[in-house]
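Biologist: Before I plan anything around this protein, please take me through its model step by step, and tell me how far each part may be read.

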Amino acid sequence: MQRRITPAALVLTALVALTGCGAGTGSGTAAASPATAETQSATPTLAKTYSNEDLTALISALKDSEGRPLTVVPSAQIDQGIIKSKELLKSAVFTPTACKVLADSNSQLPENSTYAAGSTMSAADKAATVVTVIALQDAQTMTAQLKAARSAATQCQTFTIEAAGQKITTETTPVGAATAGDESFAALAKQSLGTGAEQTVLTVTGVRGNLAATAVKVGPAVTEEASAELIQLINAILAHG
């Protein structure tokens with residue numbers, strides 16, 4: 001893992017957060033079994049469908065807190081990031097080991113989902129923001145996963161990941177940030193590399209129906225106060241849910 005997180009890597013971080021993993025994002029960690037059991041026991045609720053192009057249009061309409069439009073990340077670049085994530089997880093060492101099991105269980109996007117992402121960089125605070133949006137066929141799936149993530153977040157408030165020659169220690173703190181969605185979750189994560197480099201990751205997720213949006217802000221001095229700007233980005237997406 002590189003010291004400087006690129007927009008592509010941030011997209012990967014946000015996508016993993018949306019599936020309930022949250023490794024390195026502070027979004028919490030979700031075991032797959034509770035979410036799966038709840039989803040299977042309930043009658044699927046079919047909702048509005050969105051193509052990748054529909055979701056890309058939502059991302060294209062967003063502007064950051066300084067009025068800059070978000071730059072859409074090509075879908076091929078997102079797909080490559082997902083593949084790299086799976087490869088890293090195969091050899092990554094998690095402490096506690098339970099965190100690796102949870103990450104392995106949730107490292108894939110739900111079947112038949114559509115998605116899009118965009119990013120923006122701020123030279124003023126040396127921070128990057130990435131927004132991802134995912135739409136599922138079953139409206140209950142994402143809500144179940146987010147609830148599971150919230151209930152299981154305490155299991156991995158502090159954990160380490162050793163991968164690609166780097167060791168990263170992450171400490172997460174829940175943040176009281178509510179979106180306009182049916183469900184919301186937010187957390188602040190402080191990451192320390194074995195080299196001494198540090199960064200802070202603020203993640204906010206909101207779900208409305210079968211539409212889920214996550215905004216991630218990463219930088220050396222990100223605080224939970226930045227959740228207000230992330231909530232605005234998420235709410236702009238959820239308004240279409």
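Modeller: One term comes first: two strands are said to pair if DSSP finds at least two bridges between them. Please also keep in mind that this is a predicted model.

Biologist: With that cut-off in hand, how many bridges link β7 and β8, and in which sense do these strands pair?

Modeller: Strand β8 covers residues 198-208, and one pair that shows the register is F185, which stands opposite T205 in β8. The link between β7 and β8 passes the cut-off of at least two bridges, since DSSP gives 10 bridges, and the sense is antiparallel.

Biologist: Which residue in the turn between β7 and β8 has a positive phi?

Modeller: These two strands form a hairpin, with 4 residues between them. The turn residue with a positive phi, of about 100°, is G196.

Biologist: On the β6 side of β7, which residue is the bridge partner of I168?

Modeller: Strand β6, residues 166-174, is joined to β7 by 7 bridges, and the two run antiparallel. Within this pairing T169 stands opposite S192 in β7, while the bridge partner of I168 in β7 is L193.

Biologist: How many of the 11 residues of β7 are buried?

Modeller: Strand β7 runs over residues 183-193 and is mostly covered. A residue counts as buried under 20% relative accessible area, and the number of β7 residues that are buried is 9.

Biologist: Turning to β9, which of its residues point the other way from L211, A213, A215, K217 and G219?

Modeller: Strand β9 covers residues 211-219, and 9 of its 9 residues are buried, so that both of its faces are covered: the residues pointing one way and those pointing the other are all buried. The set that points the other way is A212, T214, V216 and V218.

Biologist: Which residue of β9 is the bridge partner of V204?

Modeller: Strands β8 and β9 pair in the antiparallel sense over 9 bridges, and they form a hairpin with 2 residues between them, where G209 in the turn has a positive phi of about 60°. Strand β4 (residues 127-135) also pairs with β9 in the antiparallel sense, over 8 bridges, and there V131 stands opposite A215. The β9 bridge partner of V204 is likewise A215.

Biologist: Which strands stand at the edges of the sheet?

Modeller: The sheet is open and is formed by 9 strands in the order β1-β3-β4-β9-β8-β7-β6-β5-β2, with antiparallel pairing. The edge strands each have a single partner strand, so one side of each is left without a neighbour in the sheet, and they are β1 (71-72) and β2 (93-95).

Biologist: What angle does the direction of α7 make with that of β8?

Modeller: Helix α3, residues 52-60, packs on the sheet, touching β1, β3, β4 and β9, and its direction makes about 20° with that of β3. Helix α7 also packs on the sheet, where it touches β4, β8 and β9, and its angle with β8 is about 30°.

Biologist: Is S122 buried or exposed?

Modeller: S122 is found in strand β3, residues 114-122, and beyond its near neighbours in sequence it touches E66, R68 and A127. Its side chain makes a polar contact with the side chain of E66 at 2.9 Å, and another with that of D125 at 2.8 Å. Because its relative accessible area is 9%, which is under 20%, S122 is buried.

Biologist: How far apart in space are Q157 and T170, C-alpha to C-alpha?

Modeller: Q157 lies in the loop between α6 (139-152) and β5 (158-163), and at 34% relative accessibility it counts as partly exposed. It touches T170, E171 and T172. Q157 and T170 are 13 residues apart in sequence, and their distance in space is 7.7 Å.

Biologist: Finally, which helix has the lowest mean pLDDT among the elements of the chain?

Modeller: The chain averages a pLDDT of 75, with 70% of the residues scoring at least 70, but pLDDT stays under 50 over residues 1-12 and is below 50 over residues 14-45. Where pLDDT is low, the predicted coordinates should not be read in detail. The highest mean among the elements, 96, belongs to α7 (residues 227-238), and the lowest, 34, belongs to α2.

Methods: Residues are numbered from 1 along each chain as its sequence is written. This is a predicted model: local features need pLDDT of at least 70, side-chain atom pairs count only at pLDDT 80 or more; totals for chains, interfaces and linings use all residues. Side-chain values use heavy atoms; hydrogens and water are left out. Buried means under 20% relative accessible area, exposed over 50%, partly exposed in between (1.4 Å probe, protein chains only). pLDDT is the predictor's confidence in each residue, from 0 to 100. Contact means heavy atoms within 4.5 Å. A polar contact is a pair of N or O atoms within 3.5 Å; within protein, one must be able to donate a hydrogen and the other to accept it, and residues adjacent in sequence count only if both atoms are side-chain atoms. Axes are lines fitted to C-alpha atoms, for helices over the stretch in contact, and angles run from 0 to 180 degrees between N-to-C directions. Lists of a residue's contacts leave out its neighbours within four places in sequence.
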